[in-house]
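Grab a pencil and work through these exercises one at a time. Each task is followed by a solution that goes step by step.

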Amino acid sequence: MQSRLKPVAAFLALYAAQGVAADTSATLGEVLVTAPQDVPLSSGATTLNSAEIARKRARTSDTARLLVSIPGVSAYSAGGVSSLPVIRGLADDRLRTKVDGMDLVAACPNHMNSPLSSIDPTAVDTVQVYAGVTPVSVGGDSIGGSILVQSAPPVFASPNKSLATGEAGTFFRSNGESWGGNLSGTFATENLSFHYAGAYAQSDNYTAGGDFKDYNFTGRLGHTLPLDEVGSTAYEAINQSIGFAWKNDDNLLNFTYSNQHIPYENYPNQRMDMTDNLSDQFNLAYTGDQGWAKLKARVYYEHTQHEMDFGDDKRFWYGPGKPPSGSGGDIAINGTPCAPISGVTVIKGMMVGCAAGMPMDTDGKNTGVTVSADIPLVRSDLLRVGVEYQNYRLDDWWDPSGAGMWPYVFWNINDGKRDRFAVFGEWEIHKDRWTHILGLRFENVAMDAGPVHGYNLNTYPTSGVGGLGNQTRDAALFNAQSREQTDNNWDLSWLARFTPDANQTYQMGLAQKTRSPNLYERYTWSTWQMAAFMNNFVGDGNGYVGNLDLQPEVAGTLSLTADWHDADEAQWGVTVTPYYTYVEDYIDAVQWDSTSNAPRIIPVVDNFTVLKYFNQSAVLYGLDLSAHYLVAHATGLGDFTAQVAASYTKGENQDTGDNLYNIMPLNAKLALVQEIGQWRNTLEGEFVDAKDEISQVRNEMQTAGYGLAHLRSRYERKTWSLEVGIENLFDRSYDLPLGGAYVGQGTTMTIPPAPNQPQWGTPVPGQGRTLYAGVTVTF
């Protein structure tokens with residue numbers, strides 16, 4: 001305990017020392033910013049500006065975590081830079097996520113390279129979140145909302161001048177000894193701009209607020225973890241981009257090349273880890289004002305090469321039999337290195353086999369084109385029209401590694417295709433104190449995939465049985481069916497905003513939104529428990545099987561918002577939003593019996609299992625609340641503002657009566673903010689109710705309610721800033737409601753016999769006390 005108190009005392013001393021020397025850096029010349037954001041309107045959106053984002057960067061390297069302060073927004077826990085955003089109970093692919101105008105796609109059976117993980121928080125300039133009812137111009141192929149992330153637009157110098165500017169920053173977080181930095185620079189003339197940005201982040205495993213398990217083995221000889229260390233939470237990420245921009249009068253052309261390399265990112269709620277990830281993005285955009293319309297066009301291409309295997313905290317050697325020909329089997333606490341790599345054979349009446357890990361590879365190619373026009377009409381009305389096209393290709397294969405994974409390649413998805421063509425029209429009407437946004441969108445989604453086979457064959461079967469886990473039967477059934485699917489989807493939206501006076505605004509939204517299944521929901525095919533375990537992007541420890549017969553999800557949403565505030569919105573404000581969504585053909589799951597290849601008659605209870613995706617119906621409803629109040633102004637200690645943000649969501653499967661999975665329980669954040677001079681100090685309380693309304697079909701685990709305290713302080717000058725803080729001030733031990741199942745260490749490929757691990761029943765814990773500091777300098 002003494003070792004923990006020393007850094008706390010040091011931090012509190014720094015926190016109290018608020019006398020900082022005056023800033024004497026030279027003032028930059030005039031800068032002209034001329035790259036308009038892609039977002040055409042803000043009705044119904046919550047915006048995080050650059051100042052709000054800057055205050056959060058020192059505490060996270062995960063861009064999705066920047067959003068969780070918004071009422072109704074939370075995040076599924078995943079890797080350290082790859083959380084999956086949730087809006088009012090709908091997550092991941094049910095949201096449309098765009099980064100710098102690109103519709104990015106996760107190329108991984110566990111969605112480890114989620115869209116928001118492609119950009120470092122230090123590169124984010126603004127974020128707009130559309131919850132629930134979304135204008136069709138920023139929606140499409142989603143039912144839960146839209147997230148639009150923008151990096152900083154290009155800057156240009158004043159006429160007849162040149163400009164050179166840059167930024168450098170670094171951070172450190174005590175829990176996990178996480179550290180990193182960022183560097184960016186711009187050289188510009190009046191018409192040309194060149195920009196570079198780079199960021200690096202790495203972390204070891206983090207520790208919980210106390211012991212949360214009673215074992216320390218990892219499945220690897222000689223490698224153990226303390227009882228409070230959360231295995232498989234280490235990561236390393238490198239992001240770089242270069243940009244060129246040209247402007248002339250009202251025309252702007254902007255090209256950016258981005259490269260991401262994640263050498264490793266481990267996952268406490270997945271049975272595999274990311275062992276390498278390379279992503280290249282090319283993004284060319286044009287914006288021009290033609291007088292009669294403002295035109296926007298974009299062409300982008302993304303290529304992702306993704307590798308998975310078992311990281312340092314998970315067992316690597318598998319196979320039945322004693323060493324040296326086998327690894328000790330599933331009974332062994334730690335797998336023993338064995339040789340030679342081979343399939344399962346019988347030697348002297350004993351099954352023997354040797355497997356070195358389980359390599360999994362994914363290659364995704366994503367090409368998109370968008371063209372839109374904002375056309376002014378009479379009486380300040382505006383017509384938006386646009387077309388979009390996205391071409392996506394995916395291959396997902398698993399090379400043979402020995403034992404049951406032998407002797408051929410396992411094709412999880414072969415030549416997967418998902419092409420979207422969309423056209424939309426939207427009319428924005430301004431009349432007196434009313435604003436209406438009426439929109440209609442049509443999307444054609446065409447999907448297909450090639451034939452498959454398991455480890456046991458080198459051909460694509462259309463009949464037959466055999467292979468471990470019924471691989472031949474499952475592949476033959478899949479190959480014999482038509483895999484080509486075409487969905488014609490319609491979206492409609494109406495947002496109406498009424499502003500009776502300067503102190504109040506009311507908004508109503510009504511929409512129908514549609515999402516087609518992703519490739520993994522439709523085309524993963526194996527019911528073999530081990531293979532199904534590798535297809536899971538919700539982190540519950542279960543295995544999932546695709547369904548060729550899935551229909552698109554169609555959601556009808558109604559939301560109402562009342563916003564009361566003082567005339568300047570500086571003294572006080574209260575915003576309340578109730579909402580209701582009914583989803584037809586909601587993609588849920590049923591427990592699946594691999595032997596009979598049918599729904600399980602007697603459900604598995606309190607254990608991991610295999611599920612198959614099925615269309616059912618669902619409802620989600622709830623309430624979001626935010627408020628602020630200026631408690632004291634211009635006192636000797638500065639200004640004091642109280643803030644509150646709270647959310648409640650309920651999700652139910654209407655066909656089964658079950659609860660939907662991973663619904664955030666009632667939660668609230670209360671903060672007291674002090675602003676004095678260049679200082680901004682915050683004391684925040686985070687409160688989460690117990691999660692006891694759980695998904696029975698998935699054997700979701702309950703979590704207890706908890707309360708956390710956070711201290712934050714920021715000192716900001718014109719050319720530099722300092723951010724320091726303590727997260728989880730009292731080192732509280734708690735479980736993450738959306739953290740999923742802890743499978744971060746041990747024999748994770750299967751469900752091993754006890755006392756081997758992982759066993760069902762341990763949620764992923766949250767981080768214990770974390771001290772952090774970050775410094776940013778502009779020049």
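Before you start, know that this is a predicted model, in which local features need pLDDT of at least 70 and side-chain atom pairs count only at pLDDT 80 or more, while totals for chains, interfaces and linings use all residues. Residues are numbered from 1 along each chain as its sequence is written, and side-chain values use heavy atoms, with hydrogens and water left out.

**Exercise 1: pairs of charges**

Work out whether Lys417 counts as buried, exposed or partly exposed, and do likewise for its salt-bridge partner, Asp415.

Step 1. Get the rule straight: a salt bridge is a side-chain nitrogen of Lys or Arg within 4 Å of a carboxyl oxygen of Asp or Glu. The side chains of Lys417 and Asp415 make one, at 3.9 Å from N to O.

Step 2. Now the cut-offs: buried means under 20% relative accessible area, exposed over 50%, and partly exposed in between (1.4 Å probe, protein chains only).

Step 3. Lys417 has a relative accessibility of 30%, so Lys417 is partly exposed. Asp415 comes in at 35%, so that residue is partly exposed too.

Now find out which residue pairs with Lys691 in a salt bridge, and how accessible the two are.

Step 1. The partner is Glu700, with 2.8 Å from N to O.

Step 2. Lys691 has a relative accessible area of 5%, so Lys691 is buried. Glu700, at 6%, is buried as well.

Last one here: take the salt bridge of Arg714 and Glu723, and sort both residues by accessibility.

Step 1. Their side chains meet at 2.8 Å, N to O.

Step 2. Arg714 is buried at 8%, and Glu723 is buried at 5%.

Step 3. Zoom out: salt bridges that share partners join Arg96, Asp103, Asp141, Glu388, Arg418, Arg420, Arg441 and Glu443 into one network. The structure holds 30 salt bridges.

**Exercise 2: a charge without a salt bridge**

Find what the side chain of Glu686 has as a polar contact.

Step 1. Locate Glu686: it sits in strand β34, residues 679–688. Strands (E, at least two residues) are DSSP runs, numbered from the N terminus.

Step 2. Check for a charged partner. Glu686 is buried but has no salt bridge, and the nearest side chain of opposite charge, that of Lys669, is 4.6 Å away. For this check, Lys and Arg count as positive and Asp and Glu as negative; His and the chain ends are not counted.

Step 3. Look for a polar contact, meaning a pair of N or O atoms within 3.5 Å; within protein, one must be able to donate a hydrogen and the other to accept it, and residues adjacent in sequence count only if both atoms are side-chain atoms. The side chain of His710 fits, at 2.9 Å from that of Glu686.

**Exercise 3: the disulfide**

Which cysteines form a disulfide, and where do they lie?

Step 1. A disulfide is a pair of cysteine sulfur atoms within 2.5 Å, and the count here is one.

Step 2. The pair is Cys338 and Cys354, with sulfur atoms 2.1 Å apart. The torsion about their S-S bond is about 95°, so the disulfide is right-handed.

Step 3. Cys338 lies in the loop between β18 (317–318) and β19 (342–347), and Cys354 in strand β20 (residues 350–356), so the pair ties together parts that are 16 residues apart in sequence.

Step 4. Finish with accessibility: Cys338 is buried at 7%, and Cys354 is buried at 0%.

Notes. Helix = DSSP H or I, 4+ residues; strand = E, 2+ residues; numbered from the N terminus.
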